[in-house]
Amino acid sequence: MVHQLDSRLSMAHFYVAFAAIFVGGLFGLLQALVRSEMITLPPSMNYYQILTAHGILMAIVFTTFFIFGFMYASVARTTGSLSNMARKSGWIGFIIMTVGVILTVVMILANEATVLYTFYAPLQANPLFYIALALIIIGTYFASFAIIKQYADWRKANPGQRSPLIAFMAVATLVLWLIATIGVVIAVVFQFIPWSLGWVDEINVVLSRTLFWYFGHPLVYFWLLPAYMAWYVIVPKVIKGKIFSDSLARLAFLLFILFSIPVGFHHQLLESGISHGWKFLQVVLTFAVIVPSLMTAFALFATFEISGRARGGRGLFGWFKKLPWRDVRFFAPFAGMVIFIPAGAGGIINASNQMNQVIHNTIWVTGHFHLTVGATVAITFFGISYWLIPHLKGRVMTERVNDLGIYQTVIWVFGMLIMSGAMHFSGLLGNPRRTQVTSYNGHEVASQWGAYEVGMAVGGSFLFISLILYIILMINLSFFAPKGNEEFPIAEASENAQETPKILENWKVWIGIAFALILFAYTIPIMDMIQHSPPGSKGFKFW
């Protein structure tokens, strides 16, 4: 059981996450309806304003708060109740993050920060927007300290023992986060805030975008790794199986740290100011991240097969039928895994130099993003919340909620496939992203996109219906479900797995390698951007 005081800390994060996904989802629906020309926004609101709010609330606020809520619970479940210092640091982080979120939303709603969630220069927002983003990052540092401190205390109290796998994974995710946020912190503190305050007249645009994508690409893995935590550790217990290999799981997480950070240039393949050689290097490193992804796929499906055969499954795929398909704790994360297959394939296309030329500024990229984060990550988080929320609240998930959870997952998957599919196909036809009006006065090329725009609106509508059902179920599980004890499933490693080498938990080695790769991939290009940069840009506001 998770201690009651730790449960409150987790639940506080989940409440913010649920509010963010509901409001952000509503803005997403409005976007789809506006873009398909089904509705018109009131004069007090514009498309790019709700596009900014949707991106930040869904991709930053929902994910970050949910992840920390999940991590606090996971670490407390496996290493014991949080220490007073860790818990205090966690609450300080929560307060700072929440203040940052409120200030961010106020600035967006006031139409002072319609700069999309990437806040690309030379679009310039109110200084308070950048300060609010800095507060969110600072808050996560307090939260990270709380979790890493708890993990370090456990290792000190248990010398020579292998740490709980899910706690190790939480720390690996935070190591990635802490290293990745260096880029965005430097950009916000030393470029955007002084520039927006008028202390400097111009901003180095290519440097600011490079620092953003130094952070922006590993940010995707900050979202994905907690989903992997559930896939590796939670799902095997749900299906009454074992973790295929503790060593493989830890190595996969370490490789994600190494290969997901020094690769941001593959988001800038069409930008000038970066030599082709450095772009090529980072594209190669990008493809290296396929290795831990395939390791994960192998380990998970090995776990499924072993568990299915233990239940009596026979033949080549007989074990598949034995998996607990009517248990939302398994069904939802599995749906996320399956969707990650086309999402990952799309990522390979995005990172490929020639193919990126075709899809770069099209809505294909938006469709890929929704498959990865809006489907794979979000559906796995849904699956986690169906058992974790009642566990933390001392309640149980009834069969009715379980069944409704499966319906909610199916509707979400259905809606996402329609919306994301329309984005992918129309992107191949040239349909642009980050654009409200796509009719272009009836041009014959643009006329091909109309049906897909309607498809996006239909898919978005299914997604919002699913979201409403999800929020209703979360309210039920938080306050109205029958009282009792819901299991926090933590699987054990297979007895046939080999002993985990100690080198896999030597953080000095792995963090050192990560910084060596980063310095190799970024030092010379950034020096070049500083020494030979074109004239900087003043700020622009087009709203």
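**Exercises on a salt-bridge network and a helix**

The side chains of E505 and R155 meet in a salt bridge, with 3.9 Å from N to O, where a salt bridge means a side-chain nitrogen of Lys or Arg within 4 Å of a carboxyl oxygen of Asp or Glu. This is a predicted model, in which local features need pLDDT of at least 70 and side-chain atom pairs count only at pLDDT 80 or more, while totals for chains, interfaces and linings use all residues. Residues are numbered from 1 along each chain as its sequence is written, and side-chain values use heavy atoms, leaving out hydrogens and water.

**Exercise 1.** Find where E505 and R250 lie in the chain, and name the network that they belong to.

*Solution.* Begin with the pair itself: the side chains of E505 and R250 form a salt bridge at 3.4 Å, N to O. Next, place the partners: E505 is in the loop between α16 and α17 and R250 is in helix α7, 255 residues apart, helices being DSSP runs of H or I with at least four residues, numbered from the N terminus. Finally, salt bridges that share partners join R155, R162, D246, R250 and E505 into one network.

**Exercise 2.** Compare the expected span of helix α8 with the distance between its end C-alpha atoms.

*Solution.* First take the rule, which is 1.5 Å times one less than the number of residues. For the 13 residues of helix α8 (residues 276-288) this gives 18 Å, and the end C-alpha atoms are 19 Å apart, which agrees.

Methods
Helices (H or I, at least four residues) and strands (E, at least two) are DSSP runs, numbered from the N terminus.
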